[in-house]
Amino acid sequence: MARLTKKQKEAQAKIDRNKLYSVDEASALVKEITTVKFDASIDLAVRLGVDPRKANQMVRGVVTLPHGTGKDVKVLALVTPDKEAEAKEAGADYIGLDEYLDKIKGGWTDVDVIITMPSVMGKLGPLGRVLGPRGLMPNPKTGTVTMDVAKAVSDVKAGKIDFKVDKTGIVHAAIGKSSFSADKIAGNAKELLDTLMKLKPAAAKGVYMKSVYMSSTMSPSVQLDPKVG
């Protein structure tokens, strides 16, 4: 097992392992124990009491973080020529259709989000093996397949993220950066947790939100009280 550095030991010492922290407390503490020199990502890991193998217990959704993600999200708009101007005005980084489909076929996936139109989805089907594993396949449920291309691009640029419970029942999401104030980290965390609560499947039995952990890149994790905002 790797030995802890002095800074890691100091960070661990600041966490009370017998305590469940409120969102506000955890947000301040994670900022305090983040010692890396770069602007670390702040992440939430939420274990849900669902069986994601059952379709009626799948938890998936979108949330617009009130304070953004802190990340410059690169957006590809796969649109017909009549939609190119509005995609550009909304801030899409790459705009086009066939030339980008060819690039993706060749293995290019240097974007964070792909937004497209219903009429184009047929062309994207064959690229599922490339886009699917990377989480880049557009989906009407997450608002990335739409005729309102400008709104979709603007929303993503403003801090809209999509999330999905993994096969172990955990939702992982980046909710900001360590340069954010504790208030902004807490605001984003609360928005995500509130959204998850609203998405509780009717088929889920027992405790729904089992555990919540907040951490930053390379920091120890802090356990939150799932019942406290």
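M218 sits in the loop that joins β8 (209–216) to β9 (222–224). In this predicted model, the phi of M218 is near 70 degrees, a positive value in a residue that is not glycine. As a rule, most residues other than glycine have a negative phi. M218 also counts as exposed, because its relative accessibility of 62% is over the 50% cut-off.

Another positive phi turns up right after helix α7: G159 follows the helix, with a phi near 125 degrees. The helix itself, residues 149–158, is a handy place to start on the packing. Its buried residues are V149, A152, V153 and V156. They span an arc of only 95 degrees around the axis, so they lie on the same side of α7. What sits over these buried residues? The cover includes β3, α3, β5 (113–116) and β6 (160–164).

Two of those covering elements, β3 and β5, belong to an open sheet of three strands, ordered β4-β3-β5 and paired in parallel. β4 and β5 are the edge strands, each pairing on one side only. On average, neighbouring strands in this sheet are turned by 15 degrees against each other, with direction ignored. Between β3 and β4 the parallel pairing runs over three bridges, and L78 has G96 in β4 as its bridge partner.

Helices come up against this sheet too. α4 lies across β3, β4 and β5, and runs at about 115 degrees to β4. α7 packs on the sheet as well, where it touches β3 and β5, and its direction makes about 165 degrees with that of β5.

Now to the charged side chains. In general, side chains of opposite charge can pair when their charged atoms come close. The model has 12 salt bridges by count. One of them joins K157 to D72, with the closest N and O atoms 3.9 Å apart. This pair ties together distant parts of the chain, as K157 is in helix α7 while D72 is in the loop between β2 (60–64) and β3 (75–78), 85 residues away. How open to the surroundings are the two partners, buried, partly exposed or exposed? K157 is partly exposed, with a relative accessible area of 29%, whereas D72 is exposed at 60%.

K157 has a further partner in D93, and here the salt bridge is 2.8 Å from N to O. Again distant parts of the chain are linked: K157 is in α7, and D93 is in the loop between α3 (84–90) and β4 (94–96), with 64 residues separating them. D93 is partly exposed, its relative accessible area being 36%. Taken together, D72, D93 and K157 are linked in a network of salt bridges.

K123 and D98 form a salt bridge of their own, at 3.3 Å from N to O. Which elements does this pair connect? K123 belongs to helix α5 (residues 121–124) and D98 to helix α4 (residues 98–105), so the bridge links parts of the chain that are 25 residues apart, with both helices counted from the N terminus. Both partners are partly exposed, with relative accessible areas of 41% for K123 and 42% for D98. D98 thus brings the account back to α4, the helix that lies across β3, β4 and β5.

Key. Residues numbered from 1 in each chain as written. Predicted model: local features only at pLDDT ≥ 70, side-chain atom pairs only at ≥ 80, totals over all residues. Heavy atoms only, no water. Helix = DSSP H or I, 4+ residues; strand = E, 2+ residues; numbered from the N terminus. Buried < 20%, exposed > 50% of the residue type's maximum accessible area, 1.4 Å probe, protein only. Salt bridge = Lys/Arg side-chain N within 4 Å of Asp/Glu carboxyl O. Arc of directions from axis to C-beta. Contact = heavy atoms within 4.5 Å. Pairing = 2+ DSSP bridges. Axes fitted to C-alpha atoms, helices over the stretch in contact; angles between N-to-C directions.
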